[in-house]
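Subject: the model you asked about

Hi,

Here is the structure I promised to pass on. Have a look at it first, and then read my notes below.

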Amino acid sequence: MMALRFIDVSVIYGEGTPFRKVALDSISVDFPAGQVIGIIGHTGSGKSTMVMLSNGILKPTSGKILLEETDIWEKPREIGRVRAKVGIAFQYPEYQLFDETVYKDIAFGPKNMGLEESEIDARVRTAAGFCGLDELSLKKSPFELSGGQKRRAAIAGVIAMDPKVLVLDEPTAGLDPLGREEILGGLIKYQKEKSNTLLLISHSMEDIAKYCDRILVLKDGKVYMYGTVGEIFMQAEKLFDASLDLPQITKLFIELKKRDLTENTDVYTVKYAKKEIEKLLFLTKSQ
């Protein structure tokens, strides 16, 4: 089953003016339910436009967007229901925090959904748990938190709405490696337990390689590549043509291939690389 589908979707800004720009050009792509899908591309490739299209913040110039096989713009007056099912955490979401306590901030979305207090409380505590926020943090003002904790609180506010599709635009931007690991680890745990669909926009190829099931590569408003992580990294050198970097470990194996030491370049995590290097060392000793 597909959680979200883009069918021949185009977005054109400034139509009829000298500033006309095609942000997305006849995009067709399916996002399977229950998977983590990475979306990558250089600046201006169409990532942010796709994010805003996913829950109706932006309407396509042409084409259709299907959520659970239903056109999200079939009933424009009910677009609010779509936004309850597709949650978005924009880049630097901590700037959206505003309430007296972290608890109230996370509860804001569920409260506006008209849920009972017991359900709101359960959602707040569950979301806080996935994001690594303890009871003491919930009682604090959002402005008393560290930068990383603010990020967690903001993401927890989106998770508390229990969306079918969670869209994360650079959720770890500006964080150190430990902070990135903690936030993404919690999000992946949430995704696995809920079996929801997670769309992850990131410039970190290491994160995309480590956490995603599939990767969508955008280039100049078009689908450049789309497939499983393994399929994409089997064509790793093509990513350079999309002005994208590669995980450091993949670069290492490309260099090893140039020296005829391996045939594999679809090595994209340290764990996988360790196994491949052990094989190479064993073969070298055997010769």
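One term before we start: a residue is called buried when its relative accessible area is under 20%. With that in hand, go to strand 6, where V86 and I88 point one way while G87 and A89 point the other way, and all are buried. That fits the usual pattern, since side chains in a regular strand alternate between the two faces of the sheet.

Please keep in mind that this is a predicted model. The average pLDDT for the protein is 89, and 98% of the residues score at least 70. Confidence peaks in strand 4 (residues 62–67), with a mean of 97, and is lowest in helix 12 (residues 270–286), with a mean of 72. As a rule, predicted coordinates should not be read in detail where pLDDT is low.

**The six-stranded sheet**

Strand 6 belongs to an open sheet of six strands, ordered 6-7-8-3-9-10, in which the pairing is mixed. Which strands stand at the edges? They are strand 6 (86–89) and strand 10 (222–228); each has a single partner strand, so one side of each lacks a neighbour in the sheet. From one strand to the next, the twist averages 15 degrees.

Two of the pairings are worth tracing on screen. Strand 6 runs parallel to strand 7, and four bridges link them; V86 has V165 of strand 7 as its bridge partner. Strand 3 (residues 36–40) and strand 8 (residues 197–201) are also parallel and are joined by four bridges, with V36 standing opposite L198 in strand 8.

Helix 6 lies across strand 6 and strand 7 (165–169), and runs at about 170 degrees to strand 6.

**The four-stranded sheet**

There is also an open sheet made by four strands in the order 2-1-4-5, and here the pairing is antiparallel. Its edge strands, strand 2 (21–32) and strand 5 (70–71), each pair on one side only.

Strand 1 (residues 2–13) pairs with strand 2 over eight bridges, in the antiparallel sense. You can follow that pairing through L4, which stands opposite F31 in strand 2, and through V9, whose bridge partner in strand 2 is I27. Strand 1 also runs antiparallel to strand 4, joined by five bridges; S10 stands opposite S62 in strand 4.

Helix 1 (residues 47–54) lies across strand 1, strand 2 and strand 4, at about 120 degrees to strand 1.

**The cores**

Nonpolar side chains in soluble globular proteins tend to be buried together. In this model the largest nonpolar core has 51 residues, and I106, L187, F233 and L239 have the most contacts inside it. Helix 6 (residues 147–159) contributes the most to this core, with six residues.

What does L239 touch, once its neighbours within four places in sequence are left aside? Its contacts are M205, V217, M225, I232, F233, L244 and L246. A second core, separate from that one, has 30 residues, including L4, I65, I72 and V82. You have met L4 already, as the residue opposite F31.

**The cysteines**

How many disulfides does the structure hold? Zero. A disulfide is a covalent bond between the sulfur atoms of two cysteines, and the cut-off used here asks for those sulfur atoms to be within 2.5 Å. The sulfur of C131 has its closest cysteine sulfur in C212, but the two are 17 Å apart, so that is too far for a bond. Both residues are tucked away from the surface by the area criterion: C131 is buried at 10% relative accessible area, and C212 is buried at 8%.

**A spot in helix 12**

Last stop: A273, which is found in helix 12. Is A273 buried or exposed? It counts as buried, because its relative accessibility is 2%. Not counting residues up to four places away in sequence, A273 touches I249, F253 and V267. A273 and T250 are 23 residues apart in sequence, and their C-alpha atoms are 8.5 Å apart in space. Remember the caution about confidence here, as helix 12 has the lowest mean pLDDT, at 72.

Cheers

Methods. Residues numbered from 1 in each chain as written. Predicted model: local features only at pLDDT ≥ 70, side-chain atom pairs only at ≥ 80, totals over all residues. Heavy atoms only, no water. pLDDT = per-residue confidence, 0-100. Helix = DSSP H or I, 4+ residues; strand = E, 2+ residues; numbered from the N terminus. Core = buried A, V, L, I, M, F, W, Y, C linked by side-chain atoms within 4.5 Å. Buried < 20%, exposed > 50% of the residue type's maximum accessible area, 1.4 Å probe, protein only. Contact = heavy atoms within 4.5 Å. Pairing = 2+ DSSP bridges. Axes fitted to C-alpha atoms, helices over the stretch in contact; angles between N-to-C directions.
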